[in-house]
Amino acid sequence: MAFMRMDDVTVEFPIYSIGTRSLKHRMMNLGSGGRMSRDASQRISVTALRGVSAEFRHGDRVALVGRNGAGKTTLLRVLAGVYEPSLGNVVTEGQVATLFDVSLGLDPDATGFENIHRQGTLLGLSPRQIQSRAEDIIAFTELGDYLAVPVRTYSSGMVLRLAFAISTSVEPEILLMDEWIGVGDARFLQKAERRLEDMVHRAGIMVIASHSADLVRRICNKALYMDKGQVIAAGPVAEVLSAYDKAGA
């Protein structure tokens, strides 16, 4: 069964070193909501997450809500193992898949076919798994003969079709998303949304950062409201969105 837990997780990012107080430091501190600090060596850092604790179990569909800069994306990257906590611990049980930047890692000089195998390997699929899913990926892209030419000749929409088809071919136990993905024209977008919803349904745990209250109500059963790197409220979607709305009133 998929499982994730964060225990008092804090993440700090160093910025630069400076020996004396300055107008630049004061302005940056104001812009970060007072989350900047300096240690004895005069190194300045921003606290992106502070003391975050949460637990997600199989069947949880969790929304991360909050204003820009609240710490949602940082939290997703901590769960994905991209960032290591400065303090605290993260426990994860289950295969993790991320849909942050689906086109990341595509080789522009390789063909579409070659990128299917390349990206599949990066996603942790075995050669046999890639081969078994290649036909579905190829059909879903609707790119036809273009798959035999280098990706650098593709339009941006074609690149997204290929990347999306590959990224959603996995069957993760834990799915992490930074906003809902939209690709292609209206007809293709409907097909992509059906595929994405099926992927979400198959995942044991799904965590998504989103600014869309309608989307959160539709696909999530829990939510975390974040502000300045801290969890302000956690629980059922309706309760957390209500707390978020009141804070913004």
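**Exercise 1. Work out how β9 and β10 are joined, and what sits in the turn.**

Step 1: start with the pairing. β9 and β10 run antiparallel and are joined by 6 bridges; two strands count as paired if DSSP finds at least two bridges between them. Strands here are DSSP E runs of at least two residues, helices are H or I runs of at least four, and both are numbered from the N terminus.

Step 2: pick a pair. A223 stands opposite G235 in β10.

Step 3: look at the turn. The two strands make a hairpin with 2 residues between them, and K228 in the turn has a positive phi of about 50°.

A word on the model: it is predicted, so local features need pLDDT of at least 70 and side-chain atom pairs count only at pLDDT 80 or more, while totals for chains, interfaces and linings use all residues. Residues are numbered from 1 along each chain as its sequence is written, and side-chain values use heavy atoms, with hydrogens and water left out.

**Exercise 2. Place β4 in its sheet and decide whether β4 is enclosed or open.**

Step 1: get the strand order. The open sheet has 6 strands, β6-β7-β8-β4-β9-β10, with mixed pairing. Its edge strands, β6 (96–99) and β10 (230–236), each pair on one side only. From one strand to the next, the twist averages 15°.

Step 2: check the neighbours of β4. Strand β4 (residues 61–65) pairs in the parallel sense with β8 (residues 205–209) over 4 bridges. Within that pair, R61 has M206 as its bridge partner, and L64 stands opposite A209. With β9, too, β4 pairs in the parallel sense over 4 bridges; here V65 stands opposite Y225.

Step 3: look at burial, meaning under 20% relative accessible area (over 50% is exposed, in between is partly exposed; 1.4 Å probe, protein chains only). R61, A63 and V65 on one side and V62 and L64 on the other are all buried, so both faces are covered. Since 5 of the 5 residues of β4 are buried, the strand is largely enclosed by the rest of the structure.

**Exercise 3. Find which side of α3 is buried, and what covers it.**

Step 1: list the buried residues. In α3 (residues 112–122) they are G112, N115, I116, Q119 and G120.

Step 2: see how they are arranged. They cover an arc of only 130° around the axis, which puts them on the same side of α3; the arc is that of the directions from the helix axis to the C-beta atoms.

Step 3: find the cover. It includes α4 (127–141) and α5 (156–167). Among these two helices, I137, F140 and T141 in α4 meet R161, L162, F164, A165 and I166 in α5, where contact means heavy atoms within 4.5 Å. The axes of α4 and α5 come within 9 Å and cross at roughly 145°; axes are lines fitted to C-alpha atoms, for helices over the stretch in contact, with angles from 0 to 180 degrees between N-to-C directions.

Step 4: go just past the end of α3. There, G124 takes a positive phi of about 90°.

**Exercise 4. Describe the surroundings of T73.**

Step 1: locate T73. The residue is found in helix α2 (residues 72–80) and, at 32% relative accessibility, counts as partly exposed.

Step 2: look across the sequence. T73 and A209 are 136 residues apart in sequence but 6.9 Å apart in space, C-alpha to C-alpha.
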